[in-house]
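Hi,

Here is the structure I said I'd pass on. Have a look at it first, and then read on for what turned up.

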Amino acid sequence: MRKRGIGVLLTGLAFLLMTGCGGPKTPEDVIHRSAAEVLLKSADSYRTETTVNVEFQTSVIGTINAVSTVTTEQTAKPANIHIKNVMDMGAQGRQETEAYCMEEGDRFLFYLYDGKSWSKEYINPDDKAAKLENLDAMFTNGLVGYDTGLVNMTMTEEASDGKDAYKISADVSGETVSDELKGAVNDLGLTSGDIPFSLDQIPNGKIKFWIEKKTFLPLRATLDMTEMLKDIIDRTVQGTYAQDKIKLTNAVFDCRFYDYNQVGEIKLSDEAASARMK
């Protein structure tokens, strides 16, 4: 009886550990668990809609407001994705790009509309991310990679799209971003000495996540980089002709995840299907 009792106890403890002992207790627990999820392993399909709003004040042409709306739909089997990006800059013009990345055996057929015409080409799986980089929404792949560089994290509970969710607020460390900028500078063959200011004193960004309590899948994410980018731009133009002539006033990203397991077969548009091979 005693041995059986110990076995039951150990089994119960193992079950509690696997199920999170009643649920995560800290924002770090929630964000790490969600960031570990690869969406298309947790859901057969999903859609996203991301709005990027950037605004500048200039002394020459006044306000420049650029609004980019990116919509995506993705399926796991086959591993297909459809992305559409509309950039609207008001009087400065409007640009539309679109892409399909369709699984075909051990490679992909990549279709691209560059605003003028459609083209297509075969790409290897390793090249897929690079091809989608300029079109893809910032949060399209979920929170993968966004659990690093977060500080001052707090957590409350707030519904999103009618679903119970953890709401996590945090700062995106300016130090983390400065490391990425230094990497970009090195990629350009420059050194930190070529930049007229220190990359180690960038203000933090502000980020919020809404993560569904039941599944730990992301429902919404917002990122406010206004102060961070304003500081970088102000430092960059300091002492130049552009100083005091251009000011960043807004830089906000807002992404919504929805239609989990509700996306049907992704089909090419007639225009994409008629594209010529590169």
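One thing before the details: this is a predicted model. I'll begin with a salt bridge, the one between Glu-121 and Lys-131, whose closest N and O atoms are 2.7 Å apart. Glu-121 sits in strand β6 (residues 118–123) and Lys-131 in helix α4 (residues 125–132), so the pair ties together parts that are ten residues apart in sequence. How buried or exposed are the two partners? Glu-121 has 18% relative accessibility and counts as buried, because the cut-off for that is under 20%. Lys-131, with a relative accessible area of 31%, is partly exposed.

That pair is part of a longer list, as the structure holds 13 salt bridges. Another one joins Arg-256 to Asp-161, with 3.4 Å between the closest N and O atoms. This pair links distant parts of the chain, 95 residues apart: Arg-256 belongs to strand β11 (residues 246–258), while Asp-161 is in the loop between β7 (150–157) and β8 (165–172). Both ends are partly exposed, Arg-256 with a relative accessible area of 30% and Asp-161 at 48% relative accessibility.

Strand β11 also has Lys-247, whose side chain meets that of Asp-234 in a salt bridge (3.6 Å, N to O). Here Asp-234 comes from helix α6 (residues 226–237), and the two residues are 13 apart in sequence. Lys-247 is partly exposed, with a relative accessible area of 31%. You'll also find a network of salt bridges that links Arg-47, Glu-73 and Asp-259.

Now for the overall fold. The chain has seven helices and twelve strands, and 37% of its 278 residues are buried. If you take the contacts between residues at least 6 apart in sequence, 59% of them join residues at least 24 apart.

How are the strands arranged? Twelve strands make an open sheet with mixed pairing, in the order β7-β8-β9-β10-β11-β1-β2-β3-β4-β5-β6-β12. At the edges stand β7 and β12 (276–277); each has a single partner strand, so one side of each is left without a neighbour in the sheet.

In the middle part of that order, β1 (residues 45–58) and β2 (residues 62–75) are antiparallel and pair over 14 bridges. Val-54 has Ala-66 in β2 as its bridge partner, and the two strands form a hairpin with three residues between them. Strand β2 also pairs with β3 (residues 81–88), again in the antiparallel sense, over eight bridges. Thr-71 is opposite Lys-84 in β3, and this hairpin has five residues between its strands.

Back at the β7 edge, β7 and β8 run antiparallel and are joined by six bridges. Leu-150 stands opposite Val-172 of β8. Helix α2 (residues 27–35) packs on the sheet here, touching β7, β8, β9 (205–212) and β10 (218–224), and its direction makes about 95° with that of β7.

Which residues of α2 are buried? They are Pro-27, Val-30, Ile-31, Ser-34 and Ala-35. These residues cover an arc of only 120° around the axis, which puts them on the same side of α2. That pattern is a familiar one: an α-helix has 3.6 residues a turn, so residues three or four places apart point the same way. The buried residues of α2 pack against β7, β8, β9 and β10.

That brings us to the largest nonpolar core, which has 20 residues; Ile-31, Leu-150, Ile-168, Ile-207, Phe-209 and Ile-211 touch the most other members. At least two residues of this core come from each of α2, β7, β8, β9, β10 and α6. The largest share is that of β8, with four residues. Take Leu-150 as a way in: leaving aside residues up to four places away in sequence, Leu-150 touches Ile-31, Ala-170, Asp-171, Val-172, Ile-207 and Phe-209. Another core lies apart from this one and has eleven residues, including Ile-81, Ala-99, Phe-108 and Leu-132.

Cheers

Conventions. Residues numbered from 1 in each chain as written. Predicted model: local features only at pLDDT ≥ 70, side-chain atom pairs only at ≥ 80, totals over all residues. Heavy atoms only, no water. Salt bridge = Lys/Arg side-chain N within 4 Å of Asp/Glu carboxyl O. Buried < 20%, exposed > 50% of the residue type's maximum accessible area, 1.4 Å probe, protein only. Pairing = 2+ DSSP bridges. Contact = heavy atoms within 4.5 Å. Axes fitted to C-alpha atoms, helices over the stretch in contact; angles between N-to-C directions. Core = buried A, V, L, I, M, F, W, Y, C linked by side-chain atoms within 4.5 Å. Arc of directions from axis to C-beta.
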